[in-house]
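Here's a quick walk through one chain, with an eye on its charged pairs and how covered they are. Have the viewer open and follow along.

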Amino acid sequence: MASDELARKLQPRLAAEPAPLFNPFTPEETTVKASDPVPGPQKKAVVVIVNDDTSELTAKLTRRLCINNGNAASKQAKVFNPYTEFKEFSRKQIKDMEKIFKRFDSGKDGFIDLMELKLMMEKLGAPQTHLGLKNMIKEVDEDFDGKLSYREFLLIFRRAAAGELQEESGLMALARLSEIDVSTEGVMGARDYFEAKVQALKVGSKFEAEIREEQEERKRQELDRKQRQAAFKELQSAFCS
């Protein structure tokens, strides 16, 4: 009976106490069974913000790495119009450059590779070392494929015309010696032609200097004549007065 009496005493107290609120953020206790899968570590998403310059540089470096590893995907060549892109050259000059490019593109694949460039420079009478040939290609190789496309070949002449090539560089020798048809003139003919051209420029400069000297002499003679006329007029006016 003591238990009944204790229950009657506790009943008012239990009725007065509020029921506990449910907290959705309180973790519930769950029983983990041995057969339940063990959750793996959660991966955190990493967001990298780059600008246009960084993404472009990253793309170029990635392609260079793929080329070195032999995993580069074939990149479709862009079709360009040399007459609209290289407006500093006449149509005849561009056609002459195209003939030169096709003549030394022995593989007929639209590119001049390292070996073809080697034969080209030997044909022009300006042979280069293996490292020199690689540096020649690297200087205008915009797509990092290790060979010269027709557009990159035209860039050599653009840079030569703009004075952006070193005087003793292989590209400058290519641009200079390609001005004549070596297959017709021969290597010695190319050298003779180039030397004759330089000599002609020197003779032309000397001729221009002689013309300027003659013009200066005529100016001095005209000035002397005017001074004599002025002196004669002063003497004449002195007698008349």
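Is Arg151 buried, partly exposed or exposed, going by its relative accessibility? Arg151 comes out as partly exposed, at 23% relative accessibility. Keep in mind that what you're looking at is a predicted model.

## The overall layout

Start with the big picture: the chain has 9 helices and 2 strands. Reading from the N terminus, the order is α-α-α-α-β-α-α-β-α-α-α.

Of the 241 residues in the chain, 20% are buried. The accessible surface adds up to about 19,500 Å², and carbon and sulfur atoms account for 56% of that. As for contacts, take the ones between residues at least 6 apart in sequence: 49% of them join residues at least 24 apart.

## Two annotated spans

The UniProt record, an unreviewed entry, carries the annotation "domain: EF-hand" for residues 92-127 and 128-163. In the model, residues 92-127 are 64% helix and 6% strand, with the end C-alpha atoms 28 Å apart. Residues 128-163 are 64% helix and 6% strand too, and here the end C-alpha atoms lie 21 Å apart.

## Salt bridges around Arg151 and Arg158

The salt bridge count for this model is 11. One of them pairs Arg158 with Glu88, at 2.6 Å from N to O. Arg158 sits in helix H7 (residues 150-161), while Glu88 is in the loop between helix H3 (82-85) and helix H4 (91-104), so this salt bridge ties together parts that are 70 residues apart in sequence. Both ends get some solvent: Arg158 is partly exposed, with a relative accessible area of 25%, and Glu88 is partly exposed with 43%.

Back to Arg151, whose salt bridge partner is Glu142, with the closest N and O atoms 2.6 Å apart. Glu142 is partly exposed, at 47% relative accessibility. There's a further member to look for here, since Glu85, Glu142 and Arg151 are linked in a network of salt bridges.

## A pair within helix H4

What separates Lys92 and Asp96 in helix H4? They are 4 residues apart in that helix, which means about one helical turn lies between them. Their side chains meet in a salt bridge, at 3.1 Å from N to O.

The two partners fall into separate exposure classes. Lys92 counts as exposed, at 59% relative accessibility, because the cut-off for that label is over 50%. Asp96 is partly exposed, with a relative accessible area of 30%.

## Helices H8 and H9

How many of the residues in helix H8 (residues 170-177) are buried? The helix is mostly covered, with 7 of its 8 residues buried. Leading the list are Gly170, Leu171, Met172 and Ala173, followed by Leu174, Ala175 and Leu177.

Helix H9 spans residues 182-240, and Glu217 is one of its residues. Glu217 is partly exposed, at 33% relative accessibility. The side chain of Glu217 makes a polar contact with the side chain of Arg220, at 2.3 Å.

Terms used
Residues are numbered from 1 along each chain as its sequence is written. This is a predicted model: local features need pLDDT of at least 70, side-chain atom pairs count only at pLDDT 80 or more; totals for chains, interfaces and linings use all residues. Side-chain values use heavy atoms; hydrogens and water are left out. Buried means under 20% relative accessible area, exposed over 50%, partly exposed in between (1.4 Å probe, protein chains only). A salt bridge is a side-chain nitrogen of Lys or Arg within 4 Å of a carboxyl oxygen of Asp or Glu. Contact means heavy atoms within 4.5 Å. Accessible areas come from the Shrake-Rupley method with a 1.4 Å probe; for residues, only the protein chains shown count as cover. UniProt positions are given in the numbering used here, feature names are shortened, and annotations may be inferred rather than shown by experiment. A polar contact is a pair of N or O atoms within 3.5 Å; within protein, one must be able to donate a hydrogen and the other to accept it, and residues adjacent in sequence count only if both atoms are side-chain atoms.
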